[in-house]
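Hi,

Here is the structure I promised to pass on. Have a look at it first, and then read my notes below.

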Amino acid sequence: MRNLLILILVVFGIWWARGAVRRLKARGGLGRKVEDGRLGKPEVMLECRHCGLIVPESEGVRAGETFYCCDEHRRAGPRPD
């Protein structure tokens, strides 16, 4: 009985690993690709001054030196502490 359980766990592990590899290949691998197919540099992640959410710099909004995750939070300003 123990051997059957081990066999089932091994088969499940192989099935899960194959799916993970397939998803990784479909997504194009790790990192962002630049136009000619090479991997780009990792993007800088910044914290929103209003809600504290950490987002990629290209997806956020700046107001001078202050960074926000969206325009609504930029209009609301920094969170009062």
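To start with a side chain you can look up right away: is Arg75 buried or exposed? Arg75 is exposed, with a relative accessible area of 57%. Please keep in mind throughout that this is a predicted model.

Now the overall layout. The chain has 2 helices and 4 strands, and from the N terminus on the order of elements is α-β-β-β-β-α. Of its 81 residues, 11% count as buried. As for contacts with a separation of 6 or more, 13% of them involve residues 24 or more positions apart. The chain exposes about 7100 Å², with carbon and sulfur atoms supplying 60% of that area.

Back to Arg75 and its surroundings. A search for salt bridges turns up 3 in the structure. Arg75 takes part in one of them: its partner is Asp71, and the closest N and O atoms are 2.6 Å apart. Both residues lie in helix α2, 4 residues apart, which is about one turn of the helix. Asp71 also meets Arg74 in a salt bridge, at 2.7 Å from N to O. Where do these two sit relative to each other in the helix? Asp71 and Arg74 are 3 residues apart in helix α2, so about one helical turn separates them. Put together, Asp71, Arg74 and Arg75 are linked in a network of salt bridges. While Arg75 is exposed at 57%, Asp71 is partly exposed with a relative accessible area of 33%, and Arg74 is partly exposed at 31%.

There is also a salt bridge between the side chains of Glu57 and Arg62, at 3.0 Å from N to O. Glu57 counts as partly exposed, with 33% relative accessibility, and Arg62 counts as partly exposed too, with 40%.

Staying in helix α2 for a moment, take a look at His73. Helix α2 covers residues 71–76, and His73 is found in it. Its relative accessibility is 17%, so His73 counts as buried, the cut-off being under 20%. What does His73 touch, if residues up to four places away in sequence are not counted? The list is Cys48, His50, Cys51 and Tyr68.

That brings me to the cysteines, which you will probably want to check. How many disulfides does a search of the whole structure find? The result is 0 disulfides. Cys51, one of the residues that His73 touches, is in no disulfide, and the nearest cysteine sulfur, that of Cys69, is 3.7 Å away. The cut-off for a disulfide is a pair of sulfur atoms within 2.5 Å, so a distance of 3.7 Å for Cys51 does not qualify. Cys70 is in no disulfide either; here the nearest cysteine sulfur is again that of Cys69, at 4.0 Å. As for exposure, Cys51 counts as partly exposed at 34% relative accessibility, and Cys70 is partly exposed with a relative accessible area of 26%.

Now over to the other helix. Helix α1 covers residues 2–27, and Leu7 is found in it. Leu7 belongs to a nonpolar patch on the surface, together with Met1, Leu4, Ile8 and Val11. These residues have about 570 Å² of accessible area together.

Helix α1 also holds an aromatic pair. The structure has 1 such pair, formed by Phe12 and Trp15. Their ring centres are 5.6 Å apart, with 40° between the planes, and the pair is tilted. Why are the two about one helical turn apart? Phe12 and Trp15 are separated by about one turn because they are 3 residues apart in helix α1. Trp15 itself is exposed, with a relative accessible area of 60%.

If you only have a minute, I would go to two places. One is helix α2, with the salt-bridge network of Asp71, Arg74 and Arg75 and the buried His73. The other is helix α1, where you can look at the tilted pair of Phe12 and Trp15.

Cheers

Notes:
Residues are numbered from 1 along each chain as its sequence is written. This is a predicted model: local features need pLDDT of at least 70, side-chain atom pairs count only at pLDDT 80 or more; totals for chains, interfaces and linings use all residues. Side-chain values use heavy atoms; hydrogens and water are left out. Patches are made of residues with over 30% relative accessible area and no salt bridge: like charges are joined within 9 Å, nonpolar side chains (Val, Leu, Ile, Met, Phe, Trp, Tyr) within 5 Å. Accessible areas come from the Shrake-Rupley method with a 1.4 Å probe; for residues, only the protein chains shown count as cover. A salt bridge is a side-chain nitrogen of Lys or Arg within 4 Å of a carboxyl oxygen of Asp or Glu. Buried means under 20% relative accessible area, exposed over 50%, partly exposed in between (1.4 Å probe, protein chains only). Rings of Phe, Tyr and Trp (its six-membered ring) pair if their centres lie within 6.5 Å; planes under 30 degrees apart count as stacked, over 60 as edge-to-face and the rest as tilted. Contact means heavy atoms within 4.5 Å.
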